Amino acid sequence: WGLLPLALLLSSLLFAACGGNPSILNPAGPVAQDEANLFWFILGVATFVFVVVEGLLIWSIIRFRERPGMPTPRQIHGNTTLEIVWTVAPSIFLFVVLVFTIRTMFQVDTIPTGGQQLEVTAVGHQWWWEFDYPTQKIITADDLVVPTGTVVHVKLYSNNVIHSFWVPNLTGKTDVVPGHDNEKWFSVDKPGTYHGQCAEYCGLQHANMAFNVIALPPDQFATWVSGQQQAAANNPQYARGLALFKSKGCTACHGIVGVNLNDFNTQPQTLVGPNLTHFGSRDLIAGGVLKNTPENLAKWLHDPQAVKPGNDMPNLGLSQSEINDLVAYLESLK
Ligand code: CUA
């Protein structure tokens, strides 16, 4: 009994400690709402059973405790009625939980047809998320921008190891398995930023494989799409940064439309790093571990292995002025 309030207190502290409350109990869309409803239903059933069983136990301990002068209790052996009751009653409880669980599983699994739809492919890399919009012909990373009130149909793809796509406020986990393309859907009710996280151990930086779902009202999303579809402005002011981008070998791994790519469609598989075309417009960098600020980007370029050991970005041995030029150029890509 003493443990129950303690557990509740600890869990509320845990949930309260998270910025933006990325909790499954704080749903922001229909899929997460169904999942939260299932959680509360099962918790309700479990709490009822717990209270009844523990209540009977405690009542029995007090009522039948040994007192001075008490006669020896009546000795019994077996009680068929009681045994049937305590076998059948849990079976009924479990059956009800089973029905509710299966109903929820089908609800969250069935991708609705009709209404507003958006198709996205989420690609799991070690250790960052790439997001492809096949219809809009956009490739981005770390930020999954979606419109509100829309069925977001996510295809999950990996060609390295198993990852798992999880946005606690929006949808439960689904594994991203090489050679087995899973899919799922979610929808967002309100504009906002929702934390996403890889939820399957995938190597050294698994914990630092995060992303943001950024939900915009549909008109703002349309503006974002048309902005992303164009090459970023090529400002002569940042020519030194652009020249370094080419001469330091960045183009071996990273694509920028208008620099080493004609458009998003022709990005070759050899470009293993994030597409940087609209880098400056992103909220997160470095596989979701850093906010996109000039200071953080400079820190990253100075020594990527110190920020995120084991990642594929090499230390290029850049001087401070080279870093400044590259930061100014990359942050200008909007
Ligand atoms: Cu990717 Cu864990």
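Helices here are DSSP runs of H or I with at least four residues, strands are runs of E with at least two, and both are numbered from the N terminus. Every view shows a predicted model.

**Figure 1. The whole protein chain and its three assigned domains.**
The protein chain holds 8 helices and 12 strands. Domain 1 takes in residues 3–66 + 77–109, domain 2 covers 117–229, and domain 3 covers 236–331. Between the centres of domain 1 and domain 3 the separation is 49 Å, over C-alpha atoms. Along the principal axes, the C-alpha atoms fill a box of roughly 100 × 45 × 35 Å. The radius of gyration is 27 Å, whereas a compact globule of 334 residues would have one near 20 Å. Of the 334 residues, 30% are buried. Take the contacts between residues at least 6 apart in sequence: 66% of them join residues at least 24 apart.

**Figure 2. Two spans that UniProt lists as "transmembrane region".**
The UniProt entry is unreviewed, and the spans are residues 40–62 and 83–102. Residues 40–62 are 100% helix and 0% strand. The end C-alpha atoms of that span, 40–62, are 32 Å apart. Residues 83–102 are also 100% helix and 0% strand. For residues 83–102 the end C-alpha atoms lie 29 Å apart.

**Figure 3. The span recorded as a copper A binding domain.**
An unreviewed UniProt entry places "domain: Cytochrome oxidase subunit II copper A binding" at residues 115–227. In the model this span is 55% strand and 9% helix. The end C-alpha atoms of residues 115–227 are 24 Å apart. The next four views show parts of the chain numbered within this span.

**Figure 4. Strand β10 and two of its partners, β4 and β9.**
Strand β10 is residues 210–216, and β4 pairs with it in the parallel sense over 5 bridges. In this pair, Val145 faces Ile214 of β10. Strand β9, residues 192–198, runs antiparallel to β10, and 6 bridges join the two. Here Gly196 is the residue opposite Phe211 of β10. In a regular strand, side chains alternate between the two faces of the sheet.

**Figure 5. Leu144 and its surroundings.**
Leu144 sits in strand β4, residues 143–147. Is Leu144 buried or exposed? Leu144 has 23 other C-beta atoms within 10 Å, so it is buried, the threshold being 20 or more. Beyond its neighbours within four places in sequence, Leu144 contacts Val120, Phe131, Gly196, Phe211, Asn212, Val213 and Ile214. Two of these, Gly196 and Phe211, stand opposite each other where β9 meets β10. Leu144 and Thr193 are 49 residues apart in sequence. In space, their C-alpha atoms are 9.6 Å apart.

**Figure 6. The hairpin of β6 and β7.**
Strand β6 covers residues 163–167, and strand β7 covers residues 171–176. How do β6 and β7 pair, and over how many bridges? The pairing is antiparallel, over 4 bridges. The hairpin leaves 3 residues between the two strands. Phe165 stands opposite Thr174 in β7.

**Figure 7. Backbone details in three loops.**
Most peptide bonds are trans, and most residues other than glycine have a negative phi. The bond from Gln126 to Trp127 is cis, with omega near 10°. Trp127 lies in the loop between β1 (117–125) and β2 (128–133). Lys137 is not a glycine, yet its phi is positive, about 55°. Lys137 belongs to the loop between β2 and β3 (138–141). Lys137 has 13 C-beta neighbours inside 10 Å, so it counts as partly exposed. Asp142, again not a glycine, has a positive phi of about 70°. Asp142 is placed in the loop between β3 and β4. With 24 other C-beta atoms within 10 Å, Asp142 is buried.

**Figure 8. Helix α5 and its buried face.**
Which residues of α5 (residues 239–247) are buried? They are Gly241, Leu242 and Phe245. Down the axis of α5 these buried residues fall within an arc of 100°, so they line one face of the helix. Their cover includes α8 (320–331). The face of α5 turned away from the buried side carries exposed residues: Ala239, Lys246 and Ser247. Gly249 follows α5 and has a positive phi, near 85°.

Note on methods: Residues numbered from 1 in each chain as written. Predicted model: local features only at pLDDT ≥ 70, side-chain atom pairs only at ≥ 80, totals over all residues. UniProt positions renumbered as here; feature names shortened; annotations may be inferred. Domains from an automatic or database assignment. Pairing = 2+ DSSP bridges. Buried ≥ 20, exposed ≤ 12 C-beta atoms within 10 Å, placed from the backbone. Contact = placed C-beta atoms within 7 Å. Rg over C-alpha atoms; globule rule 2.2 N^0.38 Å. Arc of directions from axis to C-beta.
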